[in-house]
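User: I am new to reading protein models. Can we go through this one step by step, with short questions and short answers?

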Amino acid sequence: MKRMRAEWEKQRAVLFAFPHQWSDWKTYLNEARENFVAIIKEVLRFEEVILIHHPDDLEGKQRIESEFKKAISEGKMRVYAIKCNDTWARDFGAINLFENEKNILLDFGFNGWGLKFASNWDNQINSSLKTAGEFSDELRVMDMILEGGSIESDGNGVILTNTQCLLEKNRNPHLSQEQIEQKLKEHLGAKKILWLNHGYLAGDDTDSHIDTLARFISSHKIAYVGCDDESDEHYEELKAMEQELKNLRDLNGEFYELIKLPFVRAIYDGDERLPATYANFLFINNALLVPTYADSNDSLALQILQDALPHLEVVGVDCQTLIKQHGSLHCVSMQIY
């Protein structure tokens, strides 16, 4: 028996890649590093961290050693010099599978969200971590392109995803929707694939990753982004997505309990709208980290998630810098079990 783990299961560590001057963070590098440091410090309150940095980024290495000296010395953080194009660990990081009572790491291909950006180094990070000794579990190289942000697992064999991303032509053009579904079942042990056909966020480079729109927060609950402003460009698509979610059923044929998250006000970089979302939260051991944006709905989003998950400590983390590169908290992290 095999299954893709749910994110709220007990974790060993969270993987991050530190911003460097050869990435898209170069124009506000110090600001980006400060944001990563803040996120990593929150994670270290609850569990260990695996952090990679570009081997030529000596300034970044010094910053890491200065900020995390105690965690490194105590073995709570392990740092590796590994070449990386960028910092989106959710999409190049290994996807964890539980098979025959063992943890298995699945190394799917990463091609820069459908050949939009360079990914030659990012695509080798998992094998580099295996060589470095960080990954003791089996690492399987998979035969398809798949990003961690594009799928959600309830831990019991149900995968939530969408056609906007998985059917994008530059990822797996040789595979039909039916063939992709079969591969998800084969590779991830999925018993049921829930497909959404609606929902997007302006400025999203990922072709609507599900982790920006709708997320399992338990095997019976889905938190999703809502939009009640009829004048907003997202209104119709997110309403259509909401209706799709209302029609989904679990393995027992029951409807899910839906938790509606507020919409983040429009944030722009020049004329370009940025894809800010509260759905890009990160489960860690005994806590939930939630991105905030100095928005009037920040406190409401935190309260909604705290009410839905009373057994966890819900912590807001300012992600105004991360959103400048069209991603947020979940996008820059990958949990390892």
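User: Which residue in S4 is the bridge partner of His53?

Analyst: This is a predicted model. S3 and S4 pair in the parallel sense, with five bridges between them. In S4, the partner of His53 is Ala81.

User: In what order do the strands of that open sheet stand?

Analyst: The open sheet has four strands, and its pairing is mixed. S4 and strand S19 (334-336) are at the edges, each with a single partner strand, so one side of each has no neighbour in the sheet. On average, neighbouring strands here are turned by 25 degrees against each other, direction ignored. The order is S4-S3-S2-S19.

User: Why do the buried residues of H6 lie on the same side of the helix?

Analyst: Helix H6 covers residues 125-132, and Ile125, Asn126 and Leu129 are buried in it. They lie on the same side of H6 because they cover an arc of only 100 degrees around the axis.

User: Which elements do the buried residues of H6 pack against?

Analyst: Two kinds of element are involved, strands and helix. Strand S2 (13-17), strand S3 (48-53) and strand S4 (77-81) are among them. The others are helix H4 (89-92), strand S6 (102-109) and strand S7 (138-145).

User: Which residue follows H6, and what is its phi?

Analyst: The residue after H6 is Gly133. Its phi is positive, near 95 degrees.

User: Is Glu168 buried or exposed?

Analyst: Glu168 is in the loop between helix H7 (163-166) and helix H8 (177-188). Its relative accessible area is 17%. The cut-off for buried is under 20%, so Glu168 is buried.

User: Which residues does Glu168 contact, leaving aside its neighbours within four places in sequence?

Analyst: Glu168 sits in the loop between H7 and H8. With those sequence neighbours set aside, its contacts are Gly114, Thr163 and Asp207.

User: Which strands are at the edges of the sheet S11-S12-S13?

Analyst: This open sheet has three strands and mixed pairing. Neighbouring strands are turned by 30 degrees against each other on average, direction ignored. An edge strand here pairs on one side only. The edge strands are S11 (214-218) and S13 (257-261).

User: Which residue in S12 stands opposite Phe216?

Analyst: S11 and strand S12 (residues 221-225) run antiparallel. Four bridges join them. Opposite Phe216 stands Ile222.

User: Which helices pack on this sheet?

Analyst: One touches S11, S12 and S13 and makes about 175 degrees with the direction of S12. It is helix H9 (residues 235-247). Another also touches S11, S12 and S13, with about 160 degrees between its direction and that of S13. That one is helix H10 (residues 298-308).

User: What is the handedness of the crossover from S17 to S18?

Analyst: Strand S17 (residues 287-292) and strand S18 (residues 313-318) pair in the parallel sense over six bridges. One bridge pair is Leu288 with Val314 in S18. The chain goes from S17 through H10 to S18. This β-α-β crossover is right-handed.

User: How many disulfides does the structure hold?

Analyst: A disulfide needs two cysteine sulfur atoms within 2.5 Å. For Cys227, the nearest cysteine sulfur is that of Cys331, 20 Å away. For Cys319, the nearest is also that of Cys331, at 9.4 Å. The number of disulfides is zero.

User: What is the relative accessibility of Cys227, and what is the relative accessible area of Cys319?

Analyst: Cys227 counts as buried, at 3% relative accessibility. Cys319 is buried too, and its relative accessible area is 0%.

Conventions
Residues are numbered from 1 along each chain as its sequence is written. This is a predicted model: local features need pLDDT of at least 70, side-chain atom pairs count only at pLDDT 80 or more; totals for chains, interfaces and linings use all residues. Side-chain values use heavy atoms; hydrogens and water are left out. Buried means under 20% relative accessible area, exposed over 50%, partly exposed in between (1.4 Å probe, protein chains only). Two strands pair if DSSP finds at least two bridges between them. Axes are lines fitted to C-alpha atoms, for helices over the stretch in contact, and angles run from 0 to 180 degrees between N-to-C directions. Contact means heavy atoms within 4.5 Å. A crossover is right-handed if, with the strands pointing away from the viewer, the path from the first strand over the helix to the second runs clockwise. The arc is that of the directions from the helix axis to the C-beta atoms.
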